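Open your viewer and keep the selection box handy. We will go from one selection to the next and look at what is there.

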Amino acid sequence: MSDIKMDEAHLPTDLLELAHRLLIAAQAAPASEVQKLVEAGAPTWYQDDSLGWSALHYAAERKEPQILEILLKGGAIWNSVDKWGRTAGEVCISLGDEEGWEIIRNEGIRSEMLHHALAGPSSPQSDSSTNMKLKAEDKTSAGDNLTFLKSKLTWDVGKDGKERVLDADGNGVMMGWEEPLMVEHVKLMTHDHPNAQPGAEGMTIMNVGFGLGIVDRLFQSTQSPSHPKPLNHTIIEAHPQVLQYIKDKGVDKLPGVRILEGRWQDFLLDPERLGEVLQGTPGGMGYDAIFVDTFAEGYEDLKAFFEVLPDILEPENGIFSFWNGLGATNATIYAVSSSLAELHLEDVGLDTTWHDVLIPESLREEVWKGVRRRYWELPGYKLPIAKMKLM
Ligand SMILES: C[S@@+](CC[C@H](N)C(=O)[O-])C[C@H]1O[C@@H](n2cnc3c(N)ncnc32)[C@H](O)[C@@H]1O
């Protein structure tokens with residue numbers, strides 16, 4: 001998210017005057033007037049003190065698509081947020097202005113794609129200040145994977161009666177309210193797969209990030225008297241306490257289960273260890289289902305994971321899915337982040353379909369009691385299911 005808000009004192013007086021004129025013009029003047037001010041160099045990123053609104057927020061309130069376009073072409077920042085964390089996109093949503101919202105979302109996708117193209121190969125350092133900072137949370141141990149992996153975790157039961165894991169700063173690492181979403185993920189990844197049908201040999205599954213083990217329990221319980229249990233179930237997990245929890249619960253002793261201890265990066269980004277990873281699949285052909293849900297990682301890490309999928313996903317029927325939680329405190333940013341993921345998956349040869357799932361549970365106050373920061377603000381979850389494109 002952008003935090004470009006600049007102190008008035010840092011702007012030369014003539015620029016400050018242009019900035020104020022632009023804010024006023026965006027509220028009531030004709031498009032031509034806004035255009036003139038932009039051409040004269042008025043800073044389109046400027047946000048006022050009272051609401052934290054930029055000219056883009058004001059134009060969104062007027063439902064004037066042409067003015068939105070002028071401002072965005074003139075460098076307005078699509079994801080700058082006001083004092084309440086709302087982008088101009090949320091202003092459009094609140095007024096039911098789909099056209100305006102799409103203009104802002106499309107600019108978000110365009111600018112993020114451009115940013116990634118210019119940044120070159122995925123690298124966690126390539127975020128710039130105007131581009132999305134898509135971390136599951138922010139700062140503290142939730143903002144840095146290596147810090148998180150050294151931090152002390154606590155397992156407890158929240159006010160909603162559901163189990164959860166918190167990190168040392170009180171950030172929710174995994175929370176029980178997510179279980180219905182995990183159920184949907186597993187259902188969509190297993191139901192139609194040929195290796196999960198009665199009489200078949202069972203699926204090969206890779207799950208990255210154990211957490212509370214919800215998704216792993218669900219993968220294990222897909223079997224019925226007529227349905228096979230997974231043939232191989234490989235879990236990659238990096239946190240020492242979670243690894244201990246896995247052993248305490250005897251998960252590592254379940255038939256077909258294999259635990260790879262370490263970060264997924266250690267296994268999947270090292271060509272010499274890929275063979276070890278693929279041992280879980282017949283003929284080393286890749287997994288039937290891959291799910292990834294880590295913590296304290298950002299979009300760049302997810303993108304780096306996407307890039308290894310062609311090497312580890314079974315090409316014919318393999319299904320990939322991931323916890324789609326980045327940017328979920330804001331509807332416009334969530335939409336842009338999901339579209340970005342779809343485009344980057346397409347780049348590596350995967351087609352994505354999205355399933356909309358309602359999640360009223362997450363909005364209940366008691367779910368978040370004792371948690372430092374609420375990481376989910378939306379009533380809906382966009383669940384991705386991706387498969388290799390047919391040649
Ligand atoms: C949100 S939880 C996963 C929840 C899980 N899907 C469930 O159903 O309970 C994230 C897990 O990812 C692990 N993790 C974080 N970063 C990782 C990394 N780079 N490689 C492997 N595991 C990681 C954390 O230790 C944690 O156990």
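Here is the tour, beginning with some notes on the model.

This is a predicted model: local features need pLDDT of at least 70, side-chain atom pairs count only at pLDDT 80 or more, and totals for chains, interfaces and linings use all residues. Residues are numbered from 1 along each chain as its sequence is written.

**Stop 1: the two domains.** Color 8-119 as domain 1 and 141-388 as domain 2; such bounds come from an automatic or database domain assignment. Their C-alpha centres lie 37 Å apart. Where they meet, 12 residues of domain 1 are in contact with 10 residues of domain 2 (contact: C-beta atoms, placed from the backbone, within 7 Å). On the domain 1 side, select helix 5 (88-94) and helix 6 (98-119), the elements that give two or more residues. Helix 6 has the largest share, 6 residues. Helices here are DSSP runs of H or I with at least four residues, strands are E runs of at least two, and both are numbered from the N terminus.

**Stop 2: a helix pair.** Now select residues 31-39 (helix 2) and 65-73 (helix 4), which pack at an angle of about 5 degrees with axes 10 Å apart. Axes are lines fitted to C-alpha atoms, for helices over the stretch in contact, and angles run from 0 to 180 degrees between N-to-C directions. Show Ala31, Val34, Gln35 and Val38 of helix 2 with Gln66, Ile67, Ile70 and Leu71 of helix 4, the residues that make the contact.

**Stop 3: an annotated repeat.** Select 51-83, listed by UniProt in an unreviewed entry as "repeat: ANK"; such annotations may be inferred rather than shown by experiment. The end C-alpha atoms of this span lie 6 Å apart, and the span is 52% helix and 0% strand.

**Stop 4: the ligand.** Which residues are closest to the ligand? Of the 24 that surround the ligand, they are Gly209, Gly211, Ile214, Val215 and His239 (C-beta atom, placed from the backbone, within 6 Å). Finish by selecting strand 3 (172-175), helix 9 (214-220), strand 5 (232-237) and helix 11 (264-268), which each supply at least two shell residues.

Key:
Two residues are in contact if their C-beta atoms, placed from the backbone, lie within 7 Å.
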